[in-house]
Amino acid sequence: MPTLFEKIIARQIPGDIVYQDDRVTAFRDIHPRAPVHILIVPNKPIPTANDIEDSDEALVGHMFTVARDLAKREGIAENGYRLIINCNTHGGQEVYHLHVHLVGGAPLGPMLSR
Ligand code: 5GP
């Protein structure tokens, strides 16, 4: 079964795609937690951070350079932003297709709340 994000990448279901190349796709989160909330995902379905292989190092690095460029394009680079990867249950992962959250556009508060 393709993941929800694979369907967005393949444009089988709607997604507000802001960037796409042969390795990654970036689209706006459907429930944004900040003025800017973009998900950067590999086009190939890696389920979680646990499943990243050594051979994926360049791909994962590319996800971060795309995040950097999108932060600049969205005008949030100078004030700052947060990049988040949730993994499995304790990490609060909802969609099992690796993704980096790029969130910013306002002060984000403490990293974790207790
Ligand atoms: P996670 O909790 O797995 O790190 O984050 C999954 C994110 O995917 C959530 O922020 C959620 O709002 C977002 N999301 C879930 N379903 C959809 C969808 O159909 N489209 C988009 N664009 N984002 C989604």
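The following paragraphs describe the surroundings of the ligand and several individual residues in a predicted model.

Residues are numbered from 1 along each chain as its sequence is written. Because the model is predicted, local features need pLDDT of at least 70 and side-chain atom pairs count only at pLDDT 80 or more, whereas totals for chains, interfaces and linings use all residues, and side-chain values use heavy atoms, with hydrogens and water left out.

The shell around the ligand contains 17 residues, of which Asp29, Arg33, Glu94, His99 and His101 come nearest; a residue is counted as near if one of its heavy atoms lies within 4 Å of the molecule. By character, the shell divides into seven nonpolar, six polar and four charged residues, where Ala, Val, Leu, Ile, Met, Phe, Trp, Tyr, Cys and Pro are taken as nonpolar, Asp, Glu, Lys and Arg as charged, and the others, Gly among them, as polar. The space that the ligand takes is the largest pocket. A pocket is here an open set of points, on a 1 Å grid over the protein atoms alone, with protein on both sides within 12 Å along at least five of seven lines, and a molecule sits in a pocket if more than half of its atoms lie within 2 Å of its grid points. The elements giving two or more residues to the shell are α1 (4-9) and β2 (24-28), and α1 provides the largest share, three residues; helices (H or I, at least four residues) and strands (E, at least two) are DSSP runs numbered from the N terminus.

Polar contacts, defined as pairs of N or O atoms within 3.5 Å, link the ligand to several side chains. Oxygen atoms of the ligand lie 2.5 Å from a polar side-chain atom of aspartate 29, 2.8 Å from an N or O atom in the side chain of histidine 99, and 2.9 Å from such an atom in the side chain of asparagine 86. Taken alone, the ligand exposes 520 Å², and the protein buries 90% of that area, as computed by the Shrake-Rupley method with a 1.4 Å probe.

Two of these contacting residues also have polar contacts within the protein, for which one atom must be able to donate a hydrogen and the other to accept it, and residues adjacent in sequence count only if both atoms are side-chain atoms. Aspartate 29 is placed in the loop between β2 and β3, and a polar atom of its side chain lies 2.8 Å from the backbone nitrogen of histidine 31. Histidine 99 is found in the loop between α3 and β5 (100-104), and its side chain reaches the backbone oxygen of histidine 97 at 2.6 Å. Aspartate 29 counts as buried because its relative accessible area is 12%, and histidine 99 is likewise buried, at 7%; buried means under 20%, exposed over 50%, and partly exposed in between, with a 1.4 Å probe and protein chains only.

Other residues were examined for backbone geometry and exposure. Arginine 11, in the loop between α1 and β1 (17-20), has a phi near 60 degrees, a positive value in a residue other than glycine, and counts as exposed because its relative accessibility is 55%. Asparagine 88, which lies in helix α3 (residues 88-91), has a positive phi of about 60 degrees although it is not a glycine, and at 30% relative accessibility asparagine 88 is partly exposed. Serine 55, in the loop between β3 (36-42) and α2 (57-73), is exposed at 62% relative accessibility. Between serine 55 and arginine 68 there are 22 Å in space, C-alpha to C-alpha, and the two are 13 residues apart in sequence.

Terms used
1 Å grid on protein atoms, 1.4 Å probe; cavity = no way out; pocket = protein on both sides within 12 Å on 5 of 7 lines; lining within 4 Å.
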